[in-house]
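Trainee: Could you pick one part of this structure and go through it closely with me? I'd like to see how that part sits among its neighbours.

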Amino acid sequence: MATINVGISDLNIAFAPDMLATYALGSCVGICLYDQDRQLAGLAHIMLPWSKEASNPGDNPYRYADTGITELVAKMCAKGSSVSRLTAKIAGGAQMFATSSAVFNIGDRNVQAVKTVLSTYKIPIIAEQTGSNFGRTVFFHSDTGIMEIRAAVKPTVML
């Protein structure tokens with residue numbers, strides 16, 4: 001079994017028995033997509049909600065919820081998956097710094113964008129751990145579809 005690391009503004013896929021991992025999810029959101037029939041897992045680590053709000057959206061499409069999820073779905077379908085078989089689990093979207101303005105709560109904006117994009121694909125979110133004020137690390141197991149969430153201030157959660 002190999003562990004495939006997914007960096008910030010990055011994505012990748014893995015077949016069983018390999019595992020995907022992403023670190024340092026603060027306001028970023030980790031999107032885990034799973035095709036149980038193929039034991040195919042996908043993980044995107046998005047940093048910002050919408051590419052249309054960026055000054056240079058073409059610099060890295062994996063950075064944004066709208067384009068990153070689109071790329072991840074395409075990559076999984078290219079390996080034999082079908083959108084109709086995909087389920088999603090999400091984690092992250094924390095508010096890492098105190099602010100009274102919704103504009104600056106990028107974590108919440110990221111979570112809402114992820115949910116909007118997934119709903120356009122009709123991909124159900126079957127588990128999530130989002131919000132609060134702590135960072136997370138995610139391990140996504142391609143053989144089981146389990147999303148393992150580790151945080152320094154909380155016990156490990158298996159979703």
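Mentor: Sure, let's start where two helices touch: A65, D66 and I69 in α1 meet A113, V114, V117 and L118 in α2, contact being heavy atoms within 4.5 Å. Keep in mind that this is a predicted model, where local features need pLDDT of at least 70, side-chain atom pairs count only at pLDDT 80 or more, and totals for chains, interfaces and linings use all residues. Residues are numbered from 1 along each chain as its sequence is written, and side-chain values use heavy atoms, with hydrogens and water left out.

Helix α1 covers residues 65-78 and α2 covers residues 106-120. (Helices are DSSP runs of H or I, at least four residues, and strands runs of E, at least two, numbered from the N terminus.) The two helices pack at an angle of about 45°, with their axes 9 Å apart. Axes are lines fitted to C-alpha atoms, for helices over the stretch in contact, and angles run from 0 to 180 degrees between N-to-C directions.

Now look at what the helices lie on. α1 lies across β2, β4 (29-35), β5 and β6 (86-92), and runs at about 25° to β2. α2 lies across β4, β5, β6 and β7, and its angle to β4 is about 25°. These strands belong to an open sheet of five, in the order β2-β5-β4-β6-β7, with mixed pairing. Two strands pair if DSSP finds at least two bridges between them. At the edges sit β2 (10-15) and β7 (125-130), each pairing on one side only, and the twist averages 15° from one strand to the next. As a sample pair, take β2 and β5 (residues 40-46), which run antiparallel over six bridges; there A14 stands opposite A41.

Next comes another open sheet of five strands, ordered β1-β3-β8-β9-β10, again with mixed pairing. Its edge strands are β1 (3-6) and β10 (154-158), each with pairing on one side only, and here the twist averages 20° from one strand to the next.

This is where I'd slow down, on β8. Six of the six residues of this strand (residues 136-141) are buried, so the rest of the structure largely encloses β8. Buried means under 20% relative accessible area, exposed over 50%, partly exposed in between, with a 1.4 Å probe and protein chains only. Follow the side chains along β8: R136, V138 and F140 point one way, while T137, F139 and H141 point the other way, and all are buried.

β8 has a partner on β3 (residues 19-25), with antiparallel pairing over five bridges, and T22 of that pair stands opposite V138 in β8. It also pairs with β9 (residues 147-151), antiparallel over four bridges. Check two spots in β9: the bridge partner of F140 is M147, and that of T137 is R150. β8 and β9 form a hairpin with five residues between them, and G145 in the turn has a positive phi of about 80°.

Finish with one residue of β8, namely H141. H141 has a relative accessible area of 17%, which puts it among the buried ones. Leaving aside its neighbours within four places in sequence, H141 is in contact with D18, M19, Y34, I146 and E148.
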